[in-house]
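Open the model in your viewer and switch to a cartoon view. We will go stop by stop, with a selection to make at each one.

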Amino acid sequence: MKIIKTKQQMRFVGLALWLLSVTVFAQNTINKDKLKFNSFSITPLEVFLTDNDGGASITGELSYSYGKHIFTFSATVGETIAVFGRGDRFQQLNILYGRALKLKEWFFIDTNAGVGLFLYNNGNNRFSEIGIPLVAKFRFKTGDKFSIGIKLQANINRIDNIYSAGLLLQWNY
């Protein structure tokens with residue numbers, strides 16, 4: 001079991017638990033139609049570039065809406081491409097705030113920004129840092145609940161900035 005060692009990690013875990021409890025509490029209030037489950041999305045294969053190299057990653061997201069406001073919990077894992085041996089690995093856990101812009105009945109642009117925990121492992125050393133994730137999704141609604149599109153993401157942090165793009169699969173509720 002990994003022990004939380006830094007104040008930044010403790011703050012992030014505290015913020016995540018607080019947001020989760022607010023979400024659960026709001027679901028149990030009298031006015032249930034205000035805060036609701038909005039979507040689930042996955043980006044099964046992202047290609048990313050860092051300041052030094054590149055690789056592949058995967059992202060999963062859960063989002064909740066409160067009126068036009070969208071709150072998203074996002075998790076990403078990725079690994080750099082290495083010819084011999086294992087590449088550097090990273091994980092990010094993010095809490096994002098955003099909006100969905102409806103341009104047509106079938107075309108949306110979602111924008112999100114937030115804060116997250118960025119974990120980096122280069123084989124010998126492990127680092128953790130608070131990052132600033134920025135996300136843009138260009139999605140085409142193909143049915144009542146399903147959208148497909150392109151997701152662009154950046155994570156700005158002091159360890160290694162990451163810029164990614166990938167195929168987005170999203171189920172809207």
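Start with a pair of residues across two strands. Select F48 and G55: F48 stands opposite G55 in β2. Keep in mind throughout that this is a predicted model.

Now widen the selection to the strands around that pair. Strand β1 covers residues 35–50, and β2 covers residues 54–66. Twelve bridges join β1 to β2, and the two run antiparallel. Strands of a sheet pair through backbone hydrogen bonds, either parallel or antiparallel.

**The whole fold**

Zoom out and colour by secondary structure. The protein has one helix and eight strands. From the N terminus, the order is α-β-β-β-β-β-β-β-β. The eight strands form a closed barrel, β1-β2-β3-β4-β5-β6-β7-β8, with antiparallel pairing. From one strand to the next, the twist averages 25°.

Colour by accessibility next. Of the 173 residues in the protein, 40% are buried. Then turn on contacts. Among those with a separation of 6 or more, 50% are between residues 24 or more positions apart.

**The closing strands**

Which strand does β1 join through nine bridges? Select residues 162–172: this is β8, and β1 and β8 run antiparallel. For a marker, pick T50, whose bridge partner in β8 is I162.

Stay on β8 and add residues 146–156, which are strand β7. The β7 and β8 strands pair in the antiparallel sense over ten bridges. Here the marker is S147, with Q170 as its bridge partner in β8. Follow the chain from β7 to β8: a hairpin of five residues joins them.

**E61**

Go back to β2 and select E61, which lies in that strand. Is E61 buried or exposed? E61 has a relative accessible area of 3%. The cut-off for buried is under 20%, so E61 counts as buried.

Show side chains. E61 has two lysines to look at. The side chains of E61 and K137 are joined by a polar contact of 2.6 Å. The side chain of K151 also makes a polar contact with that of E61, at 3.1 Å. Now expand to the wider surroundings. Beyond four places away in sequence, E61 touches S39, F40, S41, T72, F73, S74, L96, K137 and K151.

**T76**

Move to β3, residues 69–80, and select T76, which lies in this strand. T76 is buried too, with a relative accessible area of 3%. Its side chain makes a polar contact of 2.8 Å with the side chain of T59. T59 is one of the residues that T76 touches beyond four places away in sequence; the others are E46, S57, I58, F90, Q91, Q92 and Q153.

Draw a distance from T76 to I42. The two are 34 residues apart in sequence, and their C-alpha atoms are 9.8 Å apart in space.

**The cavities**

Last stop: turn on a cavity display. The whole structure holds two cavities of 30 Å³ or more. The largest has a volume of about 70 Å³. Its lining has 13 residues, and the closest to its centre are S63, I70, T72, D110 and K137. You have already met T72 and K137 as contacts of E61.

Which elements give two or more residues to this lining? They are β1, β3, β4 (89–102), β5 (107–121) and β6 (126–141). The largest share, three residues, comes from β5.

Definitions and conventions. Residues numbered from 1 in each chain as written. Predicted model: local features only at pLDDT ≥ 70, side-chain atom pairs only at ≥ 80, totals over all residues. Heavy atoms only, no water. Helix = DSSP H or I, 4+ residues; strand = E, 2+ residues; numbered from the N terminus. Buried < 20%, exposed > 50% of the residue type's maximum accessible area, 1.4 Å probe, protein only. Polar contact = N/O pair within 3.5 Å; in protein donor to acceptor, adjacent residues only side chain to side chain. Contact = heavy atoms within 4.5 Å. Pairing = 2+ DSSP bridges. Axes fitted to C-alpha atoms, helices over the stretch in contact; angles between N-to-C directions. 1 Å grid on protein atoms, 1.4 Å probe; cavity = no way out; pocket = protein on both sides within 12 Å on 5 of 7 lines; lining within 4 Å. Points joined across faces, edges and corners; volume = space filled by probe spheres on them.
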